[in-house]
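Dear colleague,

I am passing on the structure below, together with notes on what turned up when it was examined. Please read the notes with the sequence and the structure open side by side.

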Amino acid sequence: MKSLLENIPLSQIHIGDRFRKDYGNLNQFKHSIKTNGLITPIAVGLTSALKMEGLDTSKPYTLLAGGRRTQAVTDLGWTTVPAKVYDYPITELDLRSIELAENLERKDMTPVEEIQLKLYRDWE
């Protein structure tokens, strides 16, 4: 399985029905993107390669992961976004597995780690 990293026009991405509905307050996230850029690309699949019923085939890409990032860069007026493009067949189960892993298979910093990093930033 391969994937490519490309800059994709936001207008060509079908967002689809996301399980995460609440993106929270995006103001701090948008500030971070303005300051540091988008650190992690979104993930999209080629709509033509997705093995799902009821897809909007009018757009060549379908969002797999990164709904919050997509909303933030859209709000910032971006027209393109860095995206990992999956160009092989993906089923509905694959899509949901990617979405779930994106949101659960990560570890937040401990409170001590967060404070130490914030203190370091403030010393500069």
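On the surface, Met109, Leu117 and Tyr120 form a nonpolar patch with about 320 Å² of accessible area together. Such a patch is made of residues with over 30% relative accessible area and no salt bridge, its nonpolar side chains (Val, Leu, Ile, Met, Phe, Trp, Tyr) being joined within 5 Å, and the areas come from the Shrake-Rupley method with a 1.4 Å probe, only the protein chains shown counting as cover for residues. Leu117 is found in helix 4, residues 111-123, and is partly exposed at a relative accessible area of 48%, where buried means under 20%, exposed over 50% and partly exposed in between.

Please bear in mind that this is a predicted model, in which local features need pLDDT of at least 70 and side-chain atom pairs count only at pLDDT 80 or more, while totals for chains, interfaces and linings use all residues. Residues are numbered from 1 along each chain as its sequence is written, and side-chain values use heavy atoms, with hydrogens and water left out.

Turning to the interior, the largest nonpolar core (buried Ala, Val, Leu, Ile, Met, Phe, Trp, Tyr and Cys residues joined through side-chain atoms within 4.5 Å) has 14 residues, of which Ile8, Ile13, Ile42, Val44, Tyr61, Val73 and Val81 touch the most other members. Strand 3 (42-46), strand 5 (61-65), helix 2 (67-75) and strand 6 (80-86) each supply at least two residues of this core, and the largest share, 3 residues, comes from strand 6; helices (H or I, at least four residues) and strands (E, at least two) are DSSP runs numbered from the N terminus. Apart from this core lies another, of 9 residues, among them Leu50, Leu64, Tyr88 and Ile90.

There is 1 salt bridge, defined as a side-chain nitrogen of Lys or Arg within 4 Å of a carboxyl oxygen of Asp or Glu. Lys30 forms this salt bridge with Asp75, the closest N and O atoms being 3.4 Å apart. Because Lys30 lies in helix 1 (residues 27-36) and Asp75 in helix 2, the pair ties together parts that are 45 residues apart in sequence. Lys30 is buried, with a relative accessible area of 17%, whereas Asp75 is partly exposed, at 41%.

Finally, there is 1 aromatic pair, counted when ring centres of Phe, Tyr or Trp (its six-membered ring) lie within 6.5 Å, with planes under 30 degrees apart called stacked, over 60 edge-to-face and the rest tilted. Tyr86 and Tyr88 make up this edge-to-face pair, at 5.7 Å centre to centre and 80 degrees between the planes, and both are buried.

With best wishes

How values were computed:
Buried < 20%, exposed > 50% of the residue type's maximum accessible area, 1.4 Å probe, protein only. Patch = residues over 30% accessible without salt bridge, like charges linked within 9 Å, V, L, I, M, F, W, Y side chains within 5 Å.
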